[in-house]
Amino acid sequence: MFAVFASCGYQFEGGGYINKDVTRVAVNILDNNSLQTEAGVVFTNALIREIIEKTDTAVVDESHATAVIKGTINAITFSTLSRSTTESVIERRVCAVLDLRLVNKDGEMIWSVKDFATDEEYTVSEDNIEDENNIRDAVEKIATRSAEKVISRMLNNF
């Protein structure tokens with residue numbers, strides 16, 4: 001399965017390469033160990049968007065890449081932030097924990113981060129459909145926020 005933008009090769013004016021020797025990168029769909037079924041694709045697409053919008057590195061198919069971003073969503077967890085009663089939750093926090101690595105064509109690690117966590121709060125709804133939409137929106141927000149932070153770290157070599 002390929003991500004939506006996985007081999008487009010387009011890029012906007014950006015802020016340098018994600019690593020000094022990485023001019024073209026492939027982004028593999030993240031392995032997903034969470035119960036959020038679409039999280040792997042959501043987080044992968046967020047990484048691709050961030051690379052295209054904020055860097056000079058082209059996103060290409062793996063066969064044309066100088067490096068590949070690989071990783072795993074270790075967990076997406078939910079915790080209660082506030083209640084109206086002991087049985088009624090008003091607000092929850094969703095937290096995603098990722099491991100990511102940038103490897104060259106020889107499989108050598110160029111950059112990595114372990115247990116990278118990002119969270120977002122969302123309002124709980126009594127309507128199941130609305131609540132699922134709130135959860136999906138929160139997961140998309142943490143995917144975007146994670147991508148922003150990860151790409152910034154790569155650009156700054158942290």
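Student: Is the crossing of α1 and α2 left-handed or right-handed?
Tutor: The crossing is right-handed. A crossing gets that name when the near helix is turned clockwise from the far one by less than a right angle. Do keep in mind that we are looking at a predicted model.

Student: Why is α1 called oblique to α2?
Tutor: Let's start with the value: the two helices pack at an angle of about 45°, and their axes are 8 Å apart. An angle under 35 degrees would count as roughly parallel, and one of 65 to 115 as roughly perpendicular. About 45° fits neither of those, nor the roughly antiparallel class over 145, so α1 is oblique to α2.

Student: Which residues make the contact?
Tutor: From α1 come V42, F43, A46, L47, R49, E50, I51 and K54. On the α2 side you will find V139, E140, I142, A143, T144, S146, A147, E148, V150, I151 and L155. Sorted by class, this contact has 12 nonpolar, two polar and five charged residues. Contact here means heavy atoms within 4.5 Å.

Student: Now for the empty spaces. What makes a space a cavity and not a pocket?
Tutor: In a cavity, a 1.4 Å probe fits but cannot get out, whereas a pocket is open. Searching the whole structure turns up one cavity of 30 Å³ or more. The volume of the largest cavity is about 30 Å³.

Student: What lines the largest cavity?
Tutor: Its lining is L30, F43, L47, L98, L100, A143, S146, A147 and V150. The elements giving two or more residues to it are α1, β5 (89–104) and α2. The largest share, four residues, comes from α2.

Student: How do the residues of that lining divide into nonpolar, polar and charged?
Tutor: There are eight nonpolar, one polar and no charged. Try it with S146: serine is in neither the nonpolar nor the charged list, so S146 counts as polar.

Student: And which residues line the largest pocket?
Tutor: Look for Q36, T37, E38, A39, V42, E132, I135, R136, V139 and E140. Both α1 (39–54) and α2 (128–155) give two or more residues to this lining. With five residues, α2 gives the most. The pocket's volume is about 180 Å³.

Student: How many residues of each class are in the lining of the largest pocket?
Tutor: Four are nonpolar, two polar and four charged. Glu and Arg count as charged, so E38, E132, R136 and E140 belong to that class.

Technical notes:
Residues numbered from 1 in each chain as written. Predicted model: local features only at pLDDT ≥ 70, side-chain atom pairs only at ≥ 80, totals over all residues. Heavy atoms only, no water. 1 Å grid on protein atoms, 1.4 Å probe; cavity = no way out; pocket = protein on both sides within 12 Å on 5 of 7 lines; lining within 4 Å. Points joined across faces, edges and corners; volume = space filled by probe spheres on them. Axes fitted to C-alpha atoms, helices over the stretch in contact; angles between N-to-C directions.
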